[in-house]
Structures are given as structure tokens and as C-alpha cells.
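Got the viewer open? Grab the mouse and follow along, one selection at a time.

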Amino acid sequence: MHQSWKQQHTSTAERRCSETVRAAVGAPGGSVSLVVPARNEAANIAWVLSRIPDCVDEVILVDGESSDDTAGRARACLPSLRVVPQSGPGKGNALRTGFLNAKGDYIIMIDADGSMSPREIPRYVHFLENGYDVVKGSRFTGGGGSLDITTLRRSGNRALLALTNLLYQASLTDLCYGYVGFRRDALARLDLRSSGFEIETEMVCRALLEGLRVAEVPTLELPRRTGQSNLRTFRDGQRVLRTLLRERAAGASSGGARADGGAPVDGGARALGGARAAGGAPGGWRHGDG
Ligand SMILES: Nc1nc2c(ncn2[C@@H]2O[C@H](COP(=O)(O)OP(=O)(O)OP(=O)(O)O)[C@@H](O)[C@H]2O)c(=O)[nH]1
Ligand SMILES: [Mg+2]
């Protein structure tokens with residue numbers, strides 16, 4: 001008899017765990033999409049996909065023109081997986097492509113390098129099911145941690161976080177981290193446009209400006225299992241800084257809502273306002289452009 005990927009890949013303990021979450025919150029239990037951006041993660045992807053808990057209903061892998069067999073390994077591990085190509089360079093573009101393809105009530109984004117355990121997903125779902133619009137993982141709140149972050153990145157994250165809290169009158173404990181969940185119906189208000197790693201900051205800024213309900217949950221960042229980082233600390237740190245300043249200025253001049261006509265940062269792709277269908281074949285871009 002055919003078994004779904006959940007049955008194939010979910011242990012009894014995991015199933016009980018997610019059932020317990022849903023029973024405990026007494027919530028209707030909206031459907032969950034998991035979006036996984038992956039570029040040359042063939043050696044890591046099976047570790048991630050084999051740990052997805054039962055509360056996830058669909059998994060979308062956005063392949064960044066990997067030169068290794070990321071998509072093949074992923075499909076072998078999880079036959080029900082949807083693989084979509086991204087339409088431009090960068091992690092931000094990949095995520096926006098994934099979000100446009102997601103059908104779940106709740107969307108969770110997670111890295112493909114094994115630095116984020118999918119076993120934490122139920123805690124994001126728990127908050128989403130209970131009225132929060134955006135749930136972000138924090139490595140620096142009680143119960144969180146990082147076994148990976150360098151001193152330089154920690155300092156940069158701390159400075160950018162302090163500036164964010166000041167400019168947006170928030171009290172967040174982490175900023176540059178990509179383990180985030182949100183309600184799909186918040187996508188239009190987030191109106192994401194970033195193409196690079198700064199998309200994580202853009203999400204936070206936009207959520208705060210829009211008055212969305214934001215929660216932080218503790219997360220443990222594990223070391224990337226193998227392979228090379230795609231992040232360049234100084235270049236991407238500058239992009240984060242520009243993003244949080246630009247969004248604050250735009251929010252101040254428009255009372256929160258984004259002024260229309262602002263140029264999308266990736267040069268034309270208004271990704272999450274519904275203006276553009278995603279999933280088209282990539283063309284005319286190269287990695288490094290983002
Ligand atoms: N599809 C796609 N995925 C990307 C791209 N750039 C990065 N990713 C993925 O985004 C996730 C985060 O990228 P990483 O390279 O791990 O960046 P990082 O976590 O800041 O760096 P490390 O801490 O060194 O791992 C990983 O799953 C990458 O494969 C891209 O251009 N396209
Ligand atoms: Mg990583």
C-alpha cells in the first residue's frame with residue numbers, strides 16, 4: 001500500500017509531538033507549507049528533509065541553480081517534494097519564489113544546510129495557530145543558542161539589532177536569522193522585495209511597520225553540516241543596514257504602508273503583492289548578481 005511521505009518519514013514520536021501541539025492549543029490546525037531555499041546543498045538536504053515533523057503538509061524546495069545534485073537527492077529523500085526554480089539570484093529571490101508557490105495557511109522557511117532543525121517547527125506553528133502573524137526564531141532569547149556564529153557575525157547582528165529596536169521601537173532579541181514562520185495571509189502586507197539575505201530583515205521591518213503580531217521563539221543554530229556558506233559578512237551586513245534604514249524612512253513618510261512606485265530592490269520583481277507569477281524558468285541572471 002502506498003504510504004505518504006509523512007508516513008514514510010515521520011516517526012511515531014514526531015507524530016505524537018505534533019498531535020500533542022494541536023490538541024494542546026485546541027486550534028483548528030491550519031495547513032503548513034515549508035519553504036527550503038537550497039544552493040549546492042546535496043550533502044545536507046537529506047538530513048533536513050528526513051526530520052520534518054508531521055504537522056507540515058507540503059514542502060517546496062527552491063533550487064538556486066545548484067551545480068551539485070541537490071534537487072535529485074531531495075526528491076529521492078522525499079518524493080512528494082515540489083522543486084521550483086528561482087527566477088533571479090539570491091536567497092531572497094528564492095524565498096519569495098517559494099512563498100508564491102506555497103498553498104498552506106502558514107509558511108515556515110528553513111535553511112537547507114542542517115543549521116536549523118526541522119524538529120523545532122511545531123513551536124512556530126503553535127504561535128501562528130494562536131493569532132501571531134509572524135514568528136521568528138531567536139538565538140539570543142532564553143533557551144536559544146548558536147553553536148555556529150562567529151564573533152564578527154555576532155557583533156554585527158547585535159549592532160544591527162540595536163539599531164532596529166531603536167528605529168522601530170521594538171524589543172527583539174535577534175535579527176539576521178532565517179528561521180521564520182508567518183501566516184500566508186500576511187504576505188501582501190509584508191510586500192517583500194529583497195533578493196539577498198537582507199530579506200530576513202525586510203520581513204521584520206515590514207511586520208513591525210504594518211503592526212503585525214510578531215513573536216520570537218528560542219532556536220538553536222547548529223553548525224552548517226558541510227559545504228560553503230553563501231553569505232558574505234560585510235557585503236550582506238551593508239545590505240541589511242540599507243534595508244532597515246530604507247524601510248524606516250519609507251514607513252515614516254507613508255504612515256506605515258509602502259509608498260507605491262518605490263523601485264523593488266531586485267529591479268522589477270514585485271514578488272509578494274501578487275503582481276507576478278513565480279516559478280518561471282530562470283533566465284538572464286547569474287549567481288553573484290544578487
Ligand atoms: N535557492 C537559493 N538558495 C540559497 C541561495 N543563497 C543561499 N541559499 C540557501 O539559503 C540558506 C542559507 O544560506 P547559507 O549559505 O547557509 O548562509 P548562512 O547560514 O548565513 O551561512 P553559514 O552560517 O556559513 O551556513 C541555505 O540553505 C542556502 O543553500 C541562492 O542564491 N538561491
Ligand atoms: Mg547556513
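Start by selecting strand 2, helix 4 (residues 70–77) and strand 3: together they make a right-handed β-α-β unit. Keep in mind as you look that this is a predicted model. Now hide the helix for a moment and look at the two strands. Strand 2 and strand 3 (residues 82–85) run parallel, joined by four bridges. For a pair to click on, try aspartate 63, whose bridge partner in strand 3 is proline 85.

**The loop on the way to helix 4**

Next, select glutamate 65, in the loop between strand 2 and helix 4. What is the sign of phi at glutamate 65? Positive, at about 50 degrees, even though this residue is not a glycine. That deserves a second look, because most residues other than glycine have a negative phi. Is glutamate 65 buried or partly exposed? It is partly exposed, because 14 other C-beta atoms lie within 10 Å, and a residue needs 20 or more to count as buried.

**The whole sheet**

Zoom out and colour the strands. You're after an open sheet of seven strands, in the order 3-2-1-4-7-5-8, with mixed pairing. Which strands sit at the edges? They are strand 3 and strand 8 (214–218), each of which pairs on one side only. Turn the view and follow the twist, which averages 20 degrees from one strand to the next.

Bring helix 4 back: it packs on the sheet and touches strand 1, strand 2 and strand 3. The direction of helix 4 makes about 165 degrees with that of strand 2. Then add helix 5, which lies across strand 1, strand 2, strand 3 and strand 4 (106–109). Helix 5 runs at about 155 degrees to strand 1.

**Into strand 5**

Now select strand 5 (residues 134–138). Five bridges join it to strand 8, and the two run parallel. Two of the bridge pairs to click on are valine 135 with alanine 215 and serine 138 with proline 218. Strand 5 also pairs with strand 7 (residues 180–183), this time in the antiparallel sense, over three bridges. In general, strands of a sheet pair through backbone hydrogen bonds, either parallel or antiparallel.

Show the side chains of strand 5. Val134, Lys136 and Ser138 point one way, while Val135 and Gly137 point the other way. Why is strand 5 described as largely enclosed by the rest of the structure? Because five of its five residues are buried.

Stay with valine 134, which is found in strand 5. Its bridge partner in strand 7 is phenylalanine 182. Valine 134 is buried, with 25 other C-beta atoms within 10 Å. Leaving aside neighbours within four places in sequence, valine 134 is in contact with Val180, Phe182, Ala186, Met203, Ala207, Leu212 and Val214. If you like measuring tools, try the C-alpha atoms of valine 134 and arginine 184: they are 50 residues apart along the chain and separated by 9.6 Å.

**Helix 9 and its surroundings**

Two of those contacts, Met203 and Ala207, are among the buried residues of helix 9, so select helix 9 (residues 199–209) next. Eleven of its eleven residues are buried, so helix 9 is largely enclosed by the rest of the structure. The buried residues of helix 9 include Glu200, Glu202 and Arg206.

Step just past the end of helix 9 to glycine 211, which takes a positive phi of about 70 degrees. Then go back to the loop between helix 8 (187–190) and helix 9 and pick aspartate 191. Its phi is near 45 degrees, a positive value in a residue other than glycine. Aspartate 191 is buried, with 20 other C-beta atoms within 10 Å.

**Last stop: the ligand**

Select ligand 1 and show what is around it. How many residues surround ligand 1? There are 22, and the closest are Gly64, Ala94, Ala112, Ser229 and Asn230. Strand 1 (32–38), strand 2 (58–63) and helix 5 (91–101) are the elements that give two or more residues to this shell. Colour the shell by class and you'll get seven nonpolar, seven polar and eight charged residues.

Finally, zoom right out. The protein chain has ten helices and nine strands, and of its 290 residues, 45% count as buried. Among contacts between residues at least 6 apart in sequence, 81% join residues at least 24 apart.

Key. Residues are numbered from 1 along each chain as its sequence is written. Chains are lettered from A and ligands numbered from 1 in the order in which they are written. This is a predicted model: local features need pLDDT of at least 70, side-chain atom pairs count only at pLDDT 80 or more; totals for chains, interfaces and linings use all residues. A residue is near a molecule or strand if its C-beta atom, placed from the backbone, lies within 6 Å of it. Ala, Val, Leu, Ile, Met, Phe, Trp, Tyr, Cys and Pro count as nonpolar, Asp, Glu, Lys and Arg as charged, and the others, Gly among them, as polar. Two strands pair if DSSP finds at least two bridges between them. A crossover is right-handed if, with the strands pointing away from the viewer, the path from the first strand over the helix to the second runs clockwise. Axes are lines fitted to C-alpha atoms, for helices over the stretch in contact, and angles run from 0 to 180 degrees between N-to-C directions. Two residues are in contact if their C-beta atoms, placed from the backbone, lie within 7 Å. A residue is buried if 20 or more other C-beta atoms lie within 10 Å of its own, exposed if 12 or fewer, and partly exposed in between; C-beta atoms are placed from the backbone.
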